[in-house]
Amino acid sequence: MPRVLDEIRTLDPVKDHQRIVYLSTCFDFPFDTTRALEFALYRTYCVPSVSALLDRTGEFAARPQKRYDDTDIIVSELMEWGYETERGKRALRRMNQIHGRFDISNADFLYVLSTFIFEPIRWNSRFGWRLMCAQERFAMFYFWREVGQRMNIKDIPAEYEAFDRFNAE
């Protein structure tokens, strides 16, 4: 079997983003992706409205490990199986059910979504055993953008650079 990167380089990040994300996160960067997504979650806790909601619901104080595990399972299902498979569709339905019980602003959804794209990319640029190629970086953007659309998140930037700026701001 050819190296994972060799296959990734033959793929288009727009139309093949599910395959690229699967190969990159499950084969070349499983440890790095997990650590980076943990940091992504921590960053979201710094948003006052997100931490206030977690406090109000008691989720963070009473069941932090369950909240982490639920997030990990859903994100792993999406990244390993894609959002179009039955497993991916179930994960998306469950995620929408969980979030649908709360009044979460679109801006908060956008920020959280942006962390799932850009924290793994930033982690990789600092700690990766190899740098992600352009196909991997753009595939992360297109993958999570599509997940966000399936979550009915509005006004997701259509361009990588614009969403990166939103995340930084």
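Helices here are DSSP runs of at least four residues, numbered from the N terminus. With that in hand, start with the whole chain.

**Whole chain**

Show the full trace. This is a predicted model. From the N terminus on, its elements read α-α-α-α-α-α-α-α-α-α. That is 10 helices and 0 strands. Along the principal axes, the C-alpha trace spans about 50 × 35 × 30 Å. The radius of gyration is 16 Å, which agrees with the value near 15 Å for a compact globule of 169 residues.

**Colour by confidence**

Switch to pLDDT colouring. The protein chain averages 95, and 99% of the residues score at least 70. Which element has the lowest mean pLDDT? Select residues 59–62: that is helix 5, with a mean of 82. Now select residues 134–150. This is helix 9, which has the highest mean, 98. Where pLDDT is low, the predicted coordinates should not be read in detail.

**Stop 1: helix 6 and helix 7**

Two packed helices are described by the angle between their axes and the distance between the axes. Select residues 64–81 for helix 6 and residues 86–100 for helix 7. They pack at an angle of about 150°, with axes 9 Å apart. Angles over 145 degrees count as roughly antiparallel, so helix 6 is roughly antiparallel to helix 7. Their crossing is left-handed. Show side chains next. Helix 6 brings Ile74, Glu77, Leu78 and Trp81 to the contact. Helix 7 answers with Arg87, Gly88, Ala91, Leu92, Arg94, Met95 and Ile98. By class, this contact has 7 nonpolar, 1 polar and 3 charged residues.

**Stop 2: helix 3 and helix 8**

Move to residues 30–45, helix 3, and residues 106–127, helix 8. The angle is about 135° and the axes lie 8 Å apart. How is helix 3 placed against helix 8? That angle makes helix 3 oblique to helix 8. The crossing of helix 3 and helix 8 is right-handed. On helix 3, pick Asp32, Arg35, Ala36, Leu37, Phe39, Ala40, Leu41, Arg43 and Thr44. They meet Tyr111, Val112, Thr115, Phe116, Glu119, Pro120, Trp123 and Phe127 in helix 8. The contact residues divide into 11 nonpolar, 2 polar and 4 charged.

**Stop 3: helix 8 and helix 10**

Keep helix 8 on screen and add helix 10, residues 160–168. Their axes come within 9 Å and cross at roughly 105°. Helix 8 and helix 10 are therefore roughly perpendicular to each other. From helix 8, select Ala107, Leu110, Tyr111, Leu113, Ser114, Thr115, Ile117, Phe118, Ile121 and Arg122. From helix 10, add Tyr160, Phe163, Asp164, Phe166 and Asn167. How many residues of each class are in this contact? There are 10 nonpolar, 3 polar and 2 charged residues.

Terms used: Residues numbered from 1 in each chain as written. Predicted model: local features only at pLDDT ≥ 70, side-chain atom pairs only at ≥ 80, totals over all residues. Heavy atoms only, no water. Axes fitted to C-alpha atoms, helices over the stretch in contact; angles between N-to-C directions. Helix = DSSP H or I, 4+ residues; strand = E, 2+ residues; numbered from the N terminus. Parallel < 35°, antiparallel > 145°, perpendicular 65-115°, else oblique. Left-handed = near helix turned anticlockwise from the far one by under 90°. Contact = heavy atoms within 4.5 Å. Nonpolar A, V, L, I, M, F, W, Y, C, P; charged D, E, K, R; others polar. pLDDT = per-residue confidence, 0-100. Rg over C-alpha atoms; globule rule 2.2 N^0.38 Å.
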